[in-house]
Amino acid sequence: MKFINNIYYMGVAILIFRFSAWFLYNKLRMNVAPGYFEVMGFAWARNGVSRLPGTFLDNYVWVMALFKIIKEKSVVIKTRNISVIVLCFLYAYIVYDSRSQQIAYLLSLVVFILIVSDTFKSKALDVVGAIAISPIIFRGNYLNKLVNTFSTSNADYGSSTQIRMMTLNTYQTLWIERGVWWGYGISNDGNYFNILDTHMVNQSDLGILSMLFQYGIIGFAIFISPFGNCQIFCVNSSFS
């Protein structure tokens, strides 16, 4: 358990550092972590603000914070982990500016509230949901902006949504042509196709679907098998 907690604290520290580096670069033009911005390129920006991607620990930190809110009895510790929940969401909303991450956080929070609150007879997560979501929803017309990101005609987000739809269609077609069982194999993230020779389409925009298209149904099943086994273990442990 100590190792798990250390990973959690390390993830929180990384989030705080990345948030600080992003703020210093965009607001004060101080680049204290140039390597961070070079990963996606300094031009990876939206509305004139450079963005930073998430890390592999973000979702782990999110889930651990929710777990600790339920498990811990101390109000101080609960409050501390509520702050971590807010930090994770603000990072996804402001620094990463990723709609998929925001949606994943919101949906997982709702599911966690419905399932865990009922299981543990706890209302703590109801408070978490209200605190973490309400200031963001009611500030800056958040819901309308989130919905507009899925529009192909919206002036701010239309082109972004269209290219992702074209990306999905392009790689899906290639996957079907090469074979759905084994996929089309390992490929560069960004590629040019005849129909899109003026614009690079990135597999990373497809998320986990890129694994399905590259490695096929068989490879994808192997890829997600550890996750499936983990879910089975968790369910069995919950009812044992």
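Is Arg29 buried or exposed? At 55% relative accessibility, Arg29 counts as exposed, because the threshold for that class is over 50%. The model described here is predicted. Its chain holds nine helices and four strands, and buried residues account for 35% of the 240 residues. The points below cover the overall fold, the packing of helices α1, α3 and α4, a nonpolar surface patch, pairs of residues that are separated along the chain, and two backbone angles.

**Overall fold**

- Along the sequence, the elements follow the order α-α-β-β-α-α-α-α-α-α-β-β-α.
- The chain therefore opens with two helices and two strands, and it closes with two strands and a helix.

**Packing of helices α1, α3 and α4**

- Two packed helices are described by the angle between their axes and the distance between the axes.
- Helix α1 covers residues 2-28 and helix α3 covers residues 58-71; their axes come within 9 Å and cross at roughly 120°. That angle makes α1 oblique to α3, and α1 passes α3 in a left-handed crossing.
- Helices α3 and α4 pack with their axes 9 Å apart, at an angle of about 155°. The two helices are therefore roughly antiparallel to each other, as the angle is over 145 degrees. The crossing of α3 and α4 is left-handed.
- Helices α1 and α4 have axes 11 Å apart and pack at an angle of about 40°. That makes α1 oblique to α4, and α1 passes α4 in a left-handed crossing.

**Nonpolar surface patch**

- Which residues form the nonpolar patch on the surface? They are Leu168, Ile208, Leu209, Phe223, Ile224 and Phe227, and together they have about 530 Å² of accessible area.
- Helix α9 (residues 209-239) contributes the largest share of the patch, namely four residues.
- Leu168 has its place in helix α8, which covers residues 158-178. With a relative accessible area of 31%, Leu168 is partly exposed. Patch residues must have over 30% relative accessible area, so Leu168 meets that cut-off.

**Residue pairs separated along the chain**

- Thr173 is placed in helix α8 and counts as partly exposed, at 34% relative accessibility. Thr173 and Phe213 are 40 residues apart along the chain, and their C-alpha atoms are separated by 9.3 Å.
- Gly179 is found in the loop between α8 and β3 (190-191). Its relative accessible area of 22% makes Gly179 partly exposed, because the buried class requires a value under 20%. How far apart are the C-alpha atoms of Gly179 and Gly216? They are separated by 7.3 Å, although the two residues are 37 residues apart along the chain.
- Ile94 lies in helix α4 and counts as partly exposed at 35% relative accessibility. The C-alpha atoms of Ile94 and Phe23 are separated by 10.0 Å, with their positions 71 residues apart along the chain as counted from one to the other.
- Lys27 is found in helix α1, and at 52% relative accessibility Lys27 counts as exposed. The C-alpha atoms of Lys27 and Val49, which are 22 residues apart along the chain, are separated by 9.2 Å.

**Positive phi angles**

- Most residues other than glycine have a negative phi.
- Arg29 has a phi near 55°, which is a positive value in a residue other than glycine. Arg29 lies in the loop between α1 and α2 (34-40), and its relative accessibility of 55% places Arg29 among exposed residues.
- Where is Asp97 found? Asp97 is in the loop between α4 (75-95) and α5 (99-120). Although Asp97 is not a glycine, its phi is positive, at about 50°.

Definitions and conventions: Residues are numbered from 1 along each chain as its sequence is written. This is a predicted model: local features need pLDDT of at least 70, side-chain atom pairs count only at pLDDT 80 or more; totals for chains, interfaces and linings use all residues. Side-chain values use heavy atoms; hydrogens and water are left out. Patches are made of residues with over 30% relative accessible area and no salt bridge: like charges are joined within 9 Å, nonpolar side chains (Val, Leu, Ile, Met, Phe, Trp, Tyr) within 5 Å. Accessible areas come from the Shrake-Rupley method with a 1.4 Å probe; for residues, only the protein chains shown count as cover. A salt bridge is a side-chain nitrogen of Lys or Arg within 4 Å of a carboxyl oxygen of Asp or Glu. Buried means under 20% relative accessible area, exposed over 50%, partly exposed in between (1.4 Å probe, protein chains only). Axes are lines fitted to C-alpha atoms, for helices over the stretch in contact, and angles run from 0 to 180 degrees between N-to-C directions. Angles under 35 degrees count as roughly parallel, over 145 as roughly antiparallel, 65 to 115 as roughly perpendicular and the rest as oblique. A crossing is left-handed if the near helix is turned anticlockwise from the far one by less than a right angle, and right-handed if clockwise.
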